[in-house]
Amino acid sequence: MTTALILSGTGRYADPWHPFAETSGAVADLLRGQGLTTETADDVDTTLEGFGDSAAWPDLLVVNVGLPRDGGTSPGTDAASAGLDAWVAGGRPLLALHSSATSFVDSASWEEALGGRWVRDVSMHPKYGTANILLEGSFPVGIPDFTVDDERYSWLRTSPDVVVHARHEHEGHLHPLMWSLERQVATGSARSFYDALGHDAASYSSPEHRELLKRAVDWLLG
């Protein structure tokens, strides 16, 4: 049975703006519909510390966390940072969601795995509201452009190696919202997918958004 582990915004990785329990629950439902067995971790840093042992690795890691507001490091311990580095180097697939691009700011390997990140004082989002999602490339073929009530992350930093699948327009610029990344590791290649949508559970009720995520999971698991 294929396993998925969800790192959800609990403890110091929670924030006042994102209902992580609801969004992680919506993603877990989608993954179970894809035939995966899902588990949600109780503590982000403790779970990452356990990744020093590859026997603890799931088949798919899903990250849905916020930036700690306590001023501490992120990841929060040396062992957690080392565990995240081990995961990134290990080559298993990663699905990262929404505010996860703001987190793990003290890990260079996190941006490497994600293919981009939120940059303080550069990245932003307009007020929550109706977003017009513009699709491109072969990945979303057959899915029409759609609208969804969500936050529209803008001015994210992205690697030139990512393949963008969805954008939105803001201030005359097209900003990437969903991308895939295939990168080389010692064991071969590793796949990541980032979805900047998903501020709340309502976003995952969009049939187009759900179909894009299903395709992302299929691609990640190869």
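**Exercise 1. With which side chain does the side chain of serine 8 make a polar contact?**

Before we start: this is a predicted model, where local features need pLDDT of at least 70, side-chain atom pairs count only at pLDDT 80 or more, and totals for chains, interfaces and linings use all residues. Residues are numbered from 1 along each chain as its sequence is written, and side-chain values use heavy atoms, with hydrogens and water left out.

Step 1. Find the residue: serine 8 sits in strand β1. Helices (H or I, at least four residues) and strands (E, at least two) are DSSP runs, numbered from the N terminus.

Step 2. Check burial. Serine 8 has 3% relative accessibility, so it counts as buried; buried means under 20% relative accessible area, exposed over 50%, and partly exposed in between (1.4 Å probe, protein chains only).

Step 3. Look for the partner. It's the side chain of serine 24, at 2.6 Å. A polar contact here is a pair of N or O atoms within 3.5 Å; within protein, one must be able to donate a hydrogen and the other to accept it, and residues adjacent in sequence count only if both atoms are side-chain atoms.

Step 4. Fill in the surroundings. Skipping residues up to four places away in sequence, serine 8 touches Phe20, Ala21, Ser24, Thr40, Val44, Asn64 and Val65, with contact meaning heavy atoms within 4.5 Å.

**Exercise 2. Which backbone oxygen does the side chain of serine 99 reach?**

Step 1. Go to the loop between β4 and α4 (108-114), where serine 99 lies.

Step 2. With 2% relative accessibility, serine 99 counts as buried.

Step 3. Its side chain gets to the backbone oxygen of valine 65, at 2.9 Å.

Step 4. Valine 65 also turns up in the contact list: leaving aside neighbours within four places in sequence, serine 99 is in contact with His18, Phe20, Val65, Gly66 and Tyr153.

**Exercise 3. Work out the strand order of the open sheet, and say which strands stand at its edges.**

Step 1. Walk across the nine strands: β2-β1-β3-β4-β11-β10-β9-β6-β7, with mixed pairing. Two strands pair if DSSP finds at least two bridges between them.

Step 2. Look at the ends. β2 (37-40) and β7 (146-150) each have a single partner strand, so one side of each has no neighbour in the sheet.

Step 3. Add the twist, which averages 25° from one strand to the next.

Step 4. Now put helix α5 (residues 207-221) on the sheet: it touches β3 (60-64), β4 (94-97), β6, β7, β10 and β11 (188-195), and its direction makes about 170° with that of β11. For that angle, axes are lines fitted to C-alpha atoms, for helices over the stretch in contact, and angles run from 0 to 180 degrees between N-to-C directions.

**Exercise 4. How many bridges join β9 to strand β10?**

Step 1. Count them: there are seven, and β9 and β10 (residues 173-185) run antiparallel.

Step 2. Pick out some facing residues. Histidine 168 has histidine 175 in β10 as its bridge partner, while valine 164 stands opposite tryptophan 179 in β10.

Step 3. Check the turn. Two residues separate the strands of this hairpin, and glutamate 171 takes a positive phi near 55°.

Step 4. Turn to β6 (residues 129-135), which pairs with β9 (residues 163-170) in the antiparallel sense over two bridges. There, leucine 134 stands opposite arginine 167 in β9.

**Exercise 5. Which residues are linked with Arg12 in a network of salt bridges?**

Step 1. Set the rule: a salt bridge is a side-chain nitrogen of Lys or Arg within 4 Å of a carboxyl oxygen of Asp or Glu. By that rule the model has eight.

Step 2. Take the pair of aspartate 45 and arginine 12, at 3.3 Å from N to O. Aspartate 45 belongs to helix α2 (residues 44-50) and arginine 12 to the loop between β1 (3-8) and α1 (20-33), 33 residues apart.

Step 3. Compare exposure: aspartate 45 is buried at 9% relative accessibility, whereas arginine 12 is partly exposed at 24%.

Step 4. Add aspartate 70, which meets arginine 12 in a salt bridge at 2.9 Å, N to O. This pair is 58 residues apart, with aspartate 70 in the loop between β3 and α3 (78-90).

Step 5. Put the pieces together: Arg12, Asp45 and Asp70 make up the network.
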